[in-house]
Structure formats: C-alpha cells, structure tokens
Amino acid sequence: MGYQAFDQYASEYDAWFLENENVLQTELRLVAESLKDAGEILSIGCGSGLFEKLLQDQYSIRIKHGIEPATGMAEIARKRGFDVEINTAEDADYGIEKYDTVLFNGCPCYMQDLGAALRKAYAALRPGGRVVVIDIPKESAYGLIYNLVLATGSWDHPLVEGCQPKDPYPVELVKQANWRTTAEKSAIIAESGFSDLVYKQTLTLSPHYSHTVVEDPQDGCDRGSYVAIIGYKK
Ligand SMILES: C[S@@+](CC[C@H](N)C(=O)[O-])C[C@H]1O[C@@H](n2cnc3c(N)ncnc32)[C@H](O)[C@@H]1O
C-alpha cells in the first residue's frame, strides 16, 4: 500500500519540502490558482496538511475536511488544526453533495483505484462543483527521472548522475508511486462523470534546475512536471 511509507517518513516529507522552498512555492501557486473561488473544500490524501496550512496563511483558502490514510501524516495535520479522518481515498465515505471542490494534490500516484475515489468525489460535489487532480505526469521530466530512479534503484546510479534535483525526493517514496500520464488521468476523470476539463501546469524547468526560481502556473499540460486537471460536475 502506497501510504505506509508515509507513516515511516512523515517528518522527512515535510522536511524535504521545507528545504526546497522554491519548489514548494511553485507547486503551492498551482494549487492556489486551481482553488480560486473553490467554496467548501474536501482534501483527499491531505498528508501532513503542509499545503493546506500554507493555502490558509498565504492565500486565505480554507480546507473544510481532510482524508489521509497514514497516521503519522494525519497527526501532523491535526496538530496544524485540520479536521482529518484517517482513511484511504478508496474506503472513505465522502458524503453526498457536501462540498464545492474535492482536491487530490500529489496523491493520485499512490492510489490503487483512482476511479473509485473520483466517483465518490463526483457524488460528494454539489452541482457546478469541481474536482482538482494534481500530480506529476508520467511523461513529464520529473516523471521520467523518477521512473529512471525506480529502474536503477538509486539516485547515485551513473545514469542519473548530474541530472538529479538539488535535494532528490526520498527514494523510498519514489518506490511507492505509480505515475500515470495526463491522458490516463483525464480518461478516468471523464469516465467518473466530470466534463469541461481544464489543464494548468508548473515546474517547467528541468528537475536539475527547478530549485532556482519560483514559477507561476501556465495554462496547458505540455511542459509541466506538476499538472492540475480540473473537471466540473454539471
Ligand atoms: C506526496 S503526499 C501529498 C500530501 C499532500 N496532499 C501534500 O500535497 O502535501 C501523498 C499522500 O497521499 C497519501 N496516500 C497514499 N495512498 C493513499 C490512498 N490510497 N488514499 C488517500 N491518500 C493516499 C499518502 O499517505 C501521502 O500523505
């Protein structure tokens, strides 16, 4: 199961992001842009609530409820003041027509059955609501280097040497992930009932240089290593 490593590495996850302030802020800008006028928000796989806290403090965007399976992560989120249920996206009960937005930030790659979660998200949304699915596309520069590290087993392999991000993401967390292409996620989102899909992207520099600047999000999905797919419930 993809979340067990997060129990073990909960504090390392936050520490990694806090060391990579520019990457964190770049990703945060994409999340904030995708959550403009988002109403009442349910955050699935909310982890330690790191993004949720920054969304609140920097953008006045509040998350109403979170669902997170790794106890170690959920406990940090609760300490940050969030209302978090410990459960997987696939098993949790999201309720019916309770929210205006359901957010999946950085967690789809760890989920076994993304379709099951998206169907629950559809039911949990009020008409006109949106789902925001944000992750690293398999075909992006980060997706490719993470899969290379998965194949070589280490950031120290000669094939990876000289290409790494400044502080590589812990290999234990890379090993748990299954990155899907944007096309694959779009198909699952559409099959779950959502329409009018919109794409926003960021982290467009090569991974080796992405720590050097904070990027603003752009429209589309053709160059970003962090892509938001937004779908609407009619
Ligand atoms: C990369 S972290 C992202 C956390 C948070 N959304 C953020 O952006 O900081 C991925 C999270 O997905 C969670 N996760 C893994 N499997 C999951 C599942 N089946 N359902 C929901 N969340 C899951 C992990 O426990 C972890 O907290």
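**A tour from Arg130 outward**

Select Arg130, which stands opposite Tyr232 in β8; a strand here is a DSSP run of E of at least two residues, a helice run is H or I of at least four, and both are numbered from the N terminus. The model is predicted: local features require pLDDT of at least 70 and side-chain atom pairs pLDDT 80 or more, while totals for chains, interfaces and linings use all residues. Residues are numbered from 1 along each chain as its sequence is written.

Next, colour β5 (residues 125-135) and β8 (residues 226-232), which pair in the antiparallel sense over six bridges. Pairing requires that DSSP find at least two bridges between two strands.

Now display the whole sheet. It is open, has eight strands with mixed pairing, and follows the order β3-β2-β1-β4-β5-β8-β6-β7. At its edges are β3 (84-85) and β7 (218-219), each paired on one side only.

Add helix α3 (residues 21-34), which lies across β4 (99-105), β5, β6 (195-202) and β8 and runs at about 155° to β6. The angle is taken between N-to-C directions, from 0 to 180 degrees, with axes fitted to C-alpha atoms, for helices over the stretch in contact. Contact means C-beta atoms, placed from the backbone, within 7 Å.

Finally, view the entire protein, with its nine helices and eight strands. Its C-alpha atoms fill a box of roughly 50 × 35 × 30 Å along the principal axes. Among contacts between residues at least 6 apart in sequence, 71% join residues at least 24 apart. Buried residues (20 or more other C-beta atoms within 10 Å of their own, C-beta atoms being placed from the backbone) make up 46% of the 234 residues.

Methods: Two residues are in contact if their C-beta atoms, placed from the backbone, lie within 7 Å. A residue is buried if 20 or more other C-beta atoms lie within 10 Å of its own, exposed if 12 or fewer, and partly exposed in between; C-beta atoms are placed from the backbone.
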